[in-house]
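Biologist: I have a structure open and a few questions about its aromatic and nonpolar residues. Can you put it up and start with an aromatic one?

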Amino acid sequence: MSKKRHSFLSTQFITAAISTTLVLVLLGIIVLFVITAQNLSTYVKENINVSVLISDEMDSLQIKSMEKMLKQAPYAKSVEYISKEQALVEEIQAQGIDPTEFIGVNPYTASFEVKIHADHANPDSISSAVKKLKGNPNVVDVIYSKDLIKSVNDNIRKVSIILLIIAALFTYISFALINNTVRLTIFSKRFIINTMKLVGASWNFIRRPFLTQSFTLGIASAIIADALIIGGIYWLHNFEPQITAVIDLKAIIIVSAAVFLFGIIITYFCTLFSLNKYLKMSSNELYYI
């Protein structure tokens, strides 16, 4: 009899653990999407390029002075100097045609390619920086895509709102699914709970083994869910190494911690609420639910 009961409990625990794990994986993926959306936003913004075209009359000292000035600017994440010769070589490699063969001179201008900090990648901030740069007599022109910057900011704002709504919806669904899994487990033992109550066991004494099991269930499910999520991220990294620019170590730690805490807290409190419900019921009421 004890072996059958032990087998039943083990099967029931495994079934609950599988259900809870799948829900936690779903929740973890949503949390990962929300976190990486911010990283993706930063990555896209910091790859916006501003080309500062400079005069051919500038000497090496003036070029180094301007480069230093640009690197110290609050909006600049990185600054790269592109000489006339380097610009010509890059254009030949890209187009496969050497324009000097037709016009006799190098038509390109030396420039500084500036990557913008994400915090400054908005139309107002960049316009202000461009206005100051154009005021420099050694700057021939400043080229950047104003429409692209506006489009990036608008789209990121819309995607962020949609992701937050989806995250809230899936969090509620995850809570409901785990709650139903735990309630079904407690429901199958409602008469055992009632019997223990009738023989004089205190509520804390009755709760203890169920809460211990739910705590174990939460930890086991969370560990498995974290392992599956991290395994999936590792597979993505092997498939596309640049994914680390969006899914970094900090994001993985936050997701793992969120899944672990959610797994423990939700299973524990769902068990507690379900237990209290049946502990408050009389013996007759148990037959009508």
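Modeller: Sure. This is a predicted model. Phe239 is exposed, because its relative accessible area of 62% is over the 50% cut-off.

Biologist: And Trp235, buried or exposed?

Modeller: Trp235 is exposed, with a relative accessible area of 55%. Both Trp235 and Phe239 sit in helix α8, four residues apart, which is about one turn of the helix.

Biologist: How many aromatic pairs are there?

Modeller: The count is four. One of them is Trp235 with Phe239: the ring centres are 5.6 Å apart and the planes at 10 degrees, so this pair is stacked.

Biologist: What about Tyr268 and Phe269, how are their rings arranged?

Modeller: Edge-to-face, because the planes are at 80 degrees, with the centres 5.5 Å apart. Tyr268 is partly exposed at 30% relative accessibility, and Phe269 is partly exposed at 39%. Ring pairs join Tyr268, Phe269 and Phe273 into a cluster.

Biologist: Switching topic. Which residues form the nonpolar patch on the surface?

Modeller: Ile223, Phe260, Leu261, Ile265, Phe269 and Phe273, with about 580 Å² of accessible area together. Helix α9, residues 249-280, supplies the largest share, five residues.

Biologist: And inside, what does the largest nonpolar core look like?

Modeller: That core has 30 residues, and Ile186, Ile193 and Val259 have the most contacts inside it. Elements giving two or more residues are α1, α6, α8 and α9. Helix α9 gives the most, ten residues.

Biologist: What does Ile193 touch?

Modeller: Leaving out residues up to four places away in sequence, Ile193 touches Ile186, Ile206, Phe210, Leu275 and Leu279. There is also a second, separate core of 24 residues, including Ile63 and Val130.

Methods. Residues are numbered from 1 along each chain as its sequence is written. This is a predicted model: local features need pLDDT of at least 70, side-chain atom pairs count only at pLDDT 80 or more; totals for chains, interfaces and linings use all residues. Side-chain values use heavy atoms; hydrogens and water are left out. Patches are made of residues with over 30% relative accessible area and no salt bridge: like charges are joined within 9 Å, nonpolar side chains (Val, Leu, Ile, Met, Phe, Trp, Tyr) within 5 Å. Accessible areas come from the Shrake-Rupley method with a 1.4 Å probe; for residues, only the protein chains shown count as cover. A salt bridge is a side-chain nitrogen of Lys or Arg within 4 Å of a carboxyl oxygen of Asp or Glu. A nonpolar core is a set of buried Ala, Val, Leu, Ile, Met, Phe, Trp, Tyr and Cys residues joined through side-chain atoms within 4.5 Å. Buried means under 20% relative accessible area, exposed over 50%, partly exposed in between (1.4 Å probe, protein chains only). Contact means heavy atoms within 4.5 Å. Rings of Phe, Tyr and Trp (its six-membered ring) pair if their centres lie within 6.5 Å; planes under 30 degrees apart count as stacked, over 60 as edge-to-face and the rest as tilted.
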